[in-house]
Amino acid sequence: MNSDDIKNKISLKMFSTGWKIQIDETKNSNYQNPDLLLINAAGKVSEIEIKISRSDFQKEFKEKKHKHERLDKNKYPVNYFYYACPRGPLNEEEIPKYAGLIEISQRGAIIITKRAPLLSKKRFDDFQLIRSIAISLTERRLFNGKSYQTFKKQGNRNAAKKKPI
């Protein structure tokens, strides 16, 4: 089972339970490349990080240290945060207090091993959220899959000079 299999199974299940807006792997200033970002009709936002192995899970904390510091202090713009993986590589005790754990069985059953706590009661403003996502998608299209800030830091300014449509 790979990360796309897990993402597809969770997406279908969450869609059927009211999480109708789903964005995968967006990069912007608010969300640090989540595997799956879900929004329900009430304006609640869930982020799901998919991990296929223990080493993938451990690497997350090194590469996205700032994100996890913000999650730990309830300063990250989501209501719920989950890890999702095949059944087995992770156990409930190693999941941070701010996160939940979703496991997928060999037969494809979705098991919520640990419920994520409510990190914020805030209902995220639709316009602000859609604007943020739209900017992220535009940046990815214009700057070879990178945010403008990352692109600028890498010194690729000349490659970004595309003619307007």
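**Exercise 1. The overall fold**

How many helices and how many strands make up the secondary structure of the protein? Give their order and the share of buried residues.

*Solution.*
Step 1. The model is a predicted one. Its secondary structure comes to five helices and six strands.
Step 2. Along the sequence, the elements run α-β-β-β-α-α-β-β-β-α-α.
Step 3. The protein has 165 residues, and 41% of them are buried.
Step 4. Take the contacts between residues at least 6 apart in sequence. Of these, 49% join residues at least 24 apart.

**Exercise 2. The nonpolar cores**

Find the residues with the most contacts inside the largest nonpolar core, and say which strands feed it.

*Solution.*
Step 1. The largest nonpolar core holds 18 residues. Leu 71, Val 78, Phe 81, Tyr 83 and Ile 95 have the most contacts inside it.
Step 2. Strand S2 (36-39) and S4 each give this core at least two residues.
Step 3. S4 supplies the largest share of this core, three residues.
Step 4. A second core is separate and has 13 residues, among them Ile 6, Ile 50, Tyr 82 and Ile 102.
Step 5. As background, nonpolar side chains in soluble globular proteins tend to be buried together.

**Exercise 3. Three residues of strand S4**

Describe the surroundings of Phe 81, Tyr 83 and Ala 84, leaving aside neighbours within four places in sequence.

*Solution.*
Step 1. Phe 81 is in strand S4. Its relative accessibility is 0%, so Phe 81 counts as buried.
Step 2. Contacts of Phe 81 include Glu 47, Glu 49, His 68, Leu 71, Ala 116 and Leu 119.
Step 3. Phe 81 and Ile 48 lie 33 residues apart along the chain, with 6.0 Å between their C-alpha atoms.
Step 4. Tyr 83 touches, among others, Phe 57, Glu 60, Phe 61, His 68, Ile 95 and Ile 102.
Step 5. Ala 84 also has its place in S4. Ala 84 is buried because its relative accessible area is 0%, under the 20% limit.
Step 6. Ala 84 is in contact with Ile 6, Ile 10, Ile 48, Glu 49, Ile 50, Lys 51 and Ile 102.
Step 7. From Ala 84 to Thr 113 the C-alpha separation is 9.8 Å, for 29 residues along the chain.

**Exercise 4. Buried faces of H2 and H3**

Which residues of helix H2 are buried, and which residues of H3? Work out how they are placed around each axis.

*Solution.*
Step 1. In H2 (residues 54-63), the buried residues are Asp 56, Phe 57 and Glu 60.
Step 2. These residues span an arc of only 105 degrees around the axis, so they sit on the same side of H2.
Step 3. Their cover includes strand S3 (45-50), helix H3 (65-72) and S4.
Step 4. In H3, Lys 67, His 68, Arg 70 and Leu 71 are buried.
Step 5. Down the axis of H3, its buried residues fall within an arc of 160 degrees, so they line one face of the helix.
Step 6. Among what covers the buried residues of H3 are S3, H2 and S4.

**Exercise 5. A positive phi**

Where is Asn 74 found, and is Asn 74 buried, partly exposed or exposed?

*Solution.*
Step 1. Asn 74 is in the loop between H3 and S4.
Step 2. Its phi is near 55 degrees, a positive value in a residue other than glycine.
Step 3. The relative accessibility of Asn 74 is 48%, so Asn 74 counts as partly exposed. Partly exposed lies between the limits of 20% and 50%.

**Exercise 6. Gln 22 in strand S1**

Place Gln 22 in the fold and list its contacts beyond four places in sequence.

*Solution.*
Step 1. Gln 22 belongs to strand S1 (residues 21-23).
Step 2. A relative accessible area of 26% makes Gln 22 partly exposed.
Step 3. Gln 22 is in contact with Ser 11, Met 14, Phe 15, Leu 36, Leu 37 and Leu 38.
Step 4. Glu 47 is 25 residues from Gln 22 in sequence and 9.8 Å away in space, C-alpha to C-alpha.

**Exercise 7. The second largest pocket**

What volume does the second largest pocket have, and which elements each supply at least two residues of its lining?

*Solution.*
Step 1. The volume of the second largest pocket is about 260 Å³.
Step 2. Helix H1 (3-16), strand S4 (80-86) and strand S6 (110-114) each supply at least two lining residues.
Step 3. The lining includes Lys 13, Met 14, Trp 19, Tyr 80, Tyr 82, Ile 110, Ile 112 and Arg 115.
Step 4. By class, the lining has seven nonpolar, two polar and two charged residues.

Technical notes
Residues are numbered from 1 along each chain as its sequence is written. This is a predicted model: local features need pLDDT of at least 70, side-chain atom pairs count only at pLDDT 80 or more; totals for chains, interfaces and linings use all residues. Side-chain values use heavy atoms; hydrogens and water are left out. On a 1 Å grid over the protein atoms alone, a cavity is a set of points where a 1.4 Å probe fits but cannot get out, and a pocket is an open set with protein on both sides within 12 Å along at least five of seven lines; lining residues have an atom within 4 Å of a point. Grid points are joined across faces, edges and corners, and a volume is the space filled by probe spheres set on the points. Ala, Val, Leu, Ile, Met, Phe, Trp, Tyr, Cys and Pro count as nonpolar, Asp, Glu, Lys and Arg as charged, and the others, Gly among them, as polar. A nonpolar core is a set of buried Ala, Val, Leu, Ile, Met, Phe, Trp, Tyr and Cys residues joined through side-chain atoms within 4.5 Å. Buried means under 20% relative accessible area, exposed over 50%, partly exposed in between (1.4 Å probe, protein chains only). Contact means heavy atoms within 4.5 Å. The arc is that of the directions from the helix axis to the C-beta atoms.
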